[in-house]
Every structure is written in C-alpha cells, then in structure tokens.
Amino acid sequence: MTDNAKDRAAWLLGVGLDQQDEHRRITRGENFYLVGGSEETHERMTETAIKFNEKLSRRGKSLHELSGDEFTDLMREASES
C-alpha cells in the first residue's frame with residue numbers, strides 16, 4: 001500500500017464481550033465491523049457507529065483523514081447522543 005491518503009483503509013472494529021446466549025451478532029457498514037455482545041450492547045455499538053459516520057460525513061472527511069483528537073471527539077459525540 002502506498003503512503004497516499006487515498007489508498008489507505010481505515011475501519012472501526014467493535015467487539016462486544018458480554019454475550020450470554022448462543023446468538024452470533026455481526027454487523028458491517030461503511031467504515032465499521034461489529035461482532036459479538038448482548039443484543040443491547042450490539043445495538044448500542046451499531047447506533048454509535050452509524051452516528052459516528054454521520055458526523056464524519058458532515059465534516060467532509062474520511063475515517064483515515066482524522067487526527068487522533070478528531071477521532072476521539074467524534075466518537076465521544078456519537079456515543080453520548
């Protein structure tokens with residue numbers, strides 16, 4: 001892979017560890033891949049990832065273009081909403 005920003009790939013990976021049942025929960029979307037968790041946890045991860053992408057889109061940026069501080073701010077905003 002080159003060092004060109006257009007060639008970089010970035011993903012959010014969410015892993016839920018509180019699963020008590022045998023149900024396998026996997027959700028993929030633009031910029032994210034979520035696995036595991038209880039129904040409640042997986043739903044919360046999904047909502048947060050979708051809100052994160054909406055806020056990212058409003059900034060007109062791609063995930064790989066964010067600085068660490070920008071990522072943290074967006075994730076905090078998405079998880080609090």
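**Entry 1: Thr48**

I started at Thr48, which touches Met75, Ala78 and Ser79 once residues up to four places away in sequence are set aside. A reminder to myself before going on: this is a predicted model. Thr48 is found in helix 1. Is Thr48 buried or exposed? I looked up its relative accessibility, and at 11% Thr48 counts as buried, because the cut-off for buried is under 20%.

**Entry 2: the chain as a whole**

Next I stepped back to take in the whole chain. I found two helices and three strands. In what order do the elements run from the N terminus on? Reading along the chain, I wrote down β-β-β-α-α. The C-alpha atoms fill a box of roughly 45 × 30 × 15 Å, taken along the principal axes. The chain has 81 residues, and 30% of them count as buried. For the accessible surface I noted about 5,800 Å², with 47% of that belonging to carbon and sulfur atoms. I also checked the contacts between residues at least 6 apart in sequence: 25% of these join residues at least 24 apart.

**Entry 3: the two helices together**

Two packed helices are described by the angle between their axes and the distance between the axes. I looked up both values here. Helix 1 covers residues 39-58 and helix 2 covers residues 68-80; their axes come within 8 Å and cross at roughly 125°. Why do I call the pair oblique? Angles of 65 to 115 degrees count as roughly perpendicular and those over 145 as roughly antiparallel; an angle of roughly 125° falls in neither class, so helix 1 and helix 2 are oblique to each other. I noted the crossing of helix 1 and helix 2 as right-handed.

Which residues meet where the two helices touch? From helix 1 I listed Arg44, Thr48, Lys51, Phe52, Lys55 and Leu56. Their partners in helix 2 are Phe71, Leu74, Met75, Glu77, Ala78 and Ser79. Sorted by class, this contact of helix 1 with helix 2 has six nonpolar, two polar and four charged residues.

**Entry 4: Phe52**

Phe52 was on that list, and I went back to it. Its place is in helix 1, and at 0% relative accessibility Phe52 counts as buried. What does Phe52 touch, not counting residues up to four places away in sequence? I wrote down Leu12, Leu63, Leu66, Phe71, Leu74, Met75 and Ala78. I then followed the link to Leu12: the C-alpha atoms of Phe52 and Leu12 are separated by 9.8 Å, with their positions 40 residues apart along the chain.

**Entry 5: Leu12**

Leu12 takes me to strand 1, residues 12-16. At 11% relative accessibility, Leu12 counts as buried. Leaving out residues up to four places away, Leu12 touches Asn31, Phe32, Tyr33, Phe52, Leu63, Phe71 and Met75. I looked up Met75 as well: Leu12 and Met75 are 63 residues apart along the chain, and 10 Å separates their C-alpha atoms.

**Entry 6: Asn31**

Asn31 is one of the residues that Leu12 touches, and I had a look at its backbone. Most residues other than glycine have a negative phi. Asn31 is not a glycine, yet its phi is positive, about 75°. Where does Asn31 lie? I found it in the loop between strand 2 (26-29) and strand 3 (32-36). Asn31 counts as buried, at 16% relative accessibility.

**Entry 7: Glu54 and Gly68**

I finished with two residues of the helices. Glu54 is found in helix 1, and at 41% relative accessibility it counts as partly exposed. Glu54 and Ala78 are 24 residues apart in sequence, and I noted 8.9 Å between them in space, C-alpha to C-alpha. Gly68 has its place in helix 2. With a relative accessible area of 53%, Gly68 is exposed, because exposed means over 50%. How are Gly68 and Arg58 placed, ten residues apart along the chain? Their C-alpha atoms are separated by 18 Å.

Conventions. Residues numbered from 1 in each chain as written. Predicted model: local features only at pLDDT ≥ 70, side-chain atom pairs only at ≥ 80, totals over all residues. Heavy atoms only, no water. Axes fitted to C-alpha atoms, helices over the stretch in contact; angles between N-to-C directions. Helix = DSSP H or I, 4+ residues; strand = E, 2+ residues; numbered from the N terminus. Parallel < 35°, antiparallel > 145°, perpendicular 65-115°, else oblique. Left-handed = near helix turned anticlockwise from the far one by under 90°. Contact = heavy atoms within 4.5 Å. Nonpolar A, V, L, I, M, F, W, Y, C, P; charged D, E, K, R; others polar. Buried < 20%, exposed > 50% of the residue type's maximum accessible area, 1.4 Å probe, protein only. Areas by Shrake-Rupley, 256 points an atom, 1.4 Å probe, with all protein chains shown as cover.
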